[in-house]
Amino acid sequence: MKLLLLGNIGGTEILLIVLLVLLLFGGTKIPELMRGIGKGVKSFRDGMDGKPDPEDDKKDKQ
């Protein structure tokens, strides 16, 4: 399996990266970390499409 942006990374390297992430963040923090990354990517895509940020509306109402 070749990933376009990562070059020639094989299964062993991916396994080592996953294990390193598990050791650094622990099993309970990983879903929270992924959720934050997903929100960031969605916000970036919405910004590129010119959609308004729903977080700005919440800040204005407070």
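**Exercise 1.** Is Met 34 buried, exposed or partly exposed?

*Solution.* Keep in mind that this is a predicted model. Start by finding the residue: Met 34 sits in helix α1, which covers residues 11–49. Next, take its relative accessible area, which is 47%. Buried would need under 20% and exposed over 50%, so Met 34 comes out as partly exposed. Finally, look at its company: Met 34 helps make a nonpolar surface patch of about 640 Å², along with Leu 20, Leu 24, Phe 25, Leu 33, Ile 37 and Val 41.

**Exercise 2.** Work out what span a straight helix of 39 residues would have, and set α1 against it.

*Solution.* At 1.5 Å a residue, the straight version would span 57 Å. Now go to the model: the end C-alpha atoms of α1 are only 35 Å apart. Then check the helix for a bend, and you'll find one of about 95° at Gly 26. To finish, step just past the helix: Gly 50 follows α1 and has a positive phi, near 85°.

**Exercise 3.** Track down the salt bridge and describe the surroundings of its two partners.

*Solution.* The count comes to one salt bridge, so there's just one pair to hunt for under the 4 Å cut-off between nitrogen and oxygen. The pair is Lys 42 and Asp 46, with 3.1 Å from N to O. Both belong to α1 and are four residues apart, about one turn of the helix. Now compare their accessibility: Asp 46 has 15% and is buried, whereas Lys 42 has 53% and counts as exposed.

**Exercise 4.** Sum up the protein chain: how many helices and strands are there, and what share of the residues is buried?

*Solution.* Begin with the secondary structure: two helices, zero strands. Then go through the 62 residues, of which 5% count as buried; Asp 46 is a buried residue. Last comes the surface: the chain exposes about 5900 Å², with 65% of that supplied by carbon and sulfur atoms.

Terms used:
Residues are numbered from 1 along each chain as its sequence is written. This is a predicted model: local features need pLDDT of at least 70, side-chain atom pairs count only at pLDDT 80 or more; totals for chains, interfaces and linings use all residues. Side-chain values use heavy atoms; hydrogens and water are left out. Patches are made of residues with over 30% relative accessible area and no salt bridge: like charges are joined within 9 Å, nonpolar side chains (Val, Leu, Ile, Met, Phe, Trp, Tyr) within 5 Å. Accessible areas come from the Shrake-Rupley method with a 1.4 Å probe; for residues, only the protein chains shown count as cover. A salt bridge is a side-chain nitrogen of Lys or Arg within 4 Å of a carboxyl oxygen of Asp or Glu. Buried means under 20% relative accessible area, exposed over 50%, partly exposed in between (1.4 Å probe, protein chains only). The expected span of a helix is 1.5 Å times one less than its number of residues. The bend at a residue is the angle between axes fitted to the seven residues ending there and the seven starting there.
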